[in-house]
Amino acid sequence: MKPEFQWLADIDAAPVAGAQRASVSALKPLASVPAIDPQFEADVLEGLDDDQKHIPSIWLYDRRGSELFEEITQVTEYYPTRTETRLLAGLAPQLESEIGGVHSLIEIGSGSSRKTRLLLAAMGSLVRYVPVDISADFLREAASGLARDFPGLEVQPVVADFTAPFALPSCGRATDDCAGNLGFFPGSTIGNFTPQAAVALMTQLGRTLGPRSRLLIGVDTTQDPALLIPAYDDAAGVTAQFNLNLLDRINRELDGDFDRRDFRHLARHDPQHGRVEMHLVSQRAHEVHVRGRTFAFAAGETIHTENCYKYTPSQFLHMAHAAHWRCERSWQDGGRTGFTVYLLRRDA
Ligand code: AVI
């Protein structure tokens, strides 16, 4: 397959291990971290020192950030959640005959597990559900709710950072029987990973899920700024609050003195990279202090806080193949978003 962009060619050239650190910047939301995190401190101090100031998007998701993200999924302009839920509702009844014999559903970055119910209700062959999330709180709530509503199902939550290798709990079957494992990675969270980091993550998920396992993954595709910009800069300002909350978190956890009134939220479309970028724009020239260090801001200077790649089908499939997955089926939104849910199979 011929890459559409140079960065797709770079995937073939880049060693996967080299992308591991980058993948940390794109964790699924709903993570809660300890009050003082040395990695947070290091990322903020290093990122604010760079020519293009940047902070990895994982740090957007403290408790308040996670709540704000849940609110984002409900705003009218944020089409991905709504679109994917509609696609899942349509495909769920076909899934069992499509795949057959799935015994375990493993949800990556499960969060509140809302969309999962559509799959659990439709797949009678499932015997266990393994939600994987870094947030123990959300896992506990989601797992107990699902165990109550699906009494025949064994629910085995795993608290883990899914960007690093993690082990699945034993299911009492032959250890090499992985064909019944179905990974579920919804929400287009893969879009928060650079292409190289996305390949590294899908490769690692393939190892965890095992030979002949499958992966159901949602990928947003649109490049239409008329859809994208409102989705990432909604009229009610929920996304702006989500972005600005990062400054409050730095003040609280890293002894910072950001004044959120000195910054505004910016969502911009970068067609060259096929992504939406979130930034915080300084409204005036001023200095900010974090952990005793001084950082100067020019008027208009930005902190880059998140990338949301919108991978086209050919881009995504190129990455999936590089990670040893092949596509068995896909379901695409017929409307303007092109949002696609892929069913992938790992050969070995
Ligand atoms: C979590 N992730 C898939 C969201 C996205 O659309 O990239 C994060 C988000 N950022 C702003 N709005 C939503």
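Reader: How do the residues of the shell around the ligand divide by type?
Author: This is a predicted model, and the shell splits into nine nonpolar, five polar and one charged. Ala, Val, Leu, Ile, Met, Phe, Trp, Tyr, Cys and Pro count as nonpolar, Asp, Glu, Lys and Arg as charged, and the others, Gly among them, as polar.

Reader: Ok, and which residues come nearest to the ligand?
Author: Y78, N192, Y232, E306 and C308, out of 15 around the ligand. A residue is near if one of its heavy atoms lies within 4 Å of the molecule.

Reader: What does the side chain of E306 do with the ligand?
Author: An N or O atom there sits 2.6 Å from a ligand nitrogen. For N192, a side-chain N or O atom is 2.8 Å from a ligand nitrogen. For Y232, the partner is a ligand oxygen, at 2.5 Å. A polar contact here is a pair of N or O atoms within 3.5 Å.

Reader: How much of the ligand's accessible area does the protein cover?
Author: 98% of the 340 Å² that the ligand has on its own, by the Shrake-Rupley method with a 1.4 Å probe.

Reader: Switching topic: what's the mean pLDDT of the chain?
Author: It's 88, and 88% of the residues reach 70 or more; pLDDT is the predictor's confidence in each residue, from 0 to 100. Over residues 11-33 pLDDT stays under 50.

Reader: Any ground rules on numbering and cut-offs?
Author: Residues are numbered from 1 along each chain as its sequence is written. Local features need pLDDT of at least 70, side-chain atom pairs count only at pLDDT 80 or more, totals for chains, interfaces and linings use all residues, and side-chain values use heavy atoms, with hydrogens and water left out.

Definitions and conventions
Polar contact = N/O pair within 3.5 Å; in protein donor to acceptor, adjacent residues only side chain to side chain. Contact = heavy atoms within 4.5 Å.
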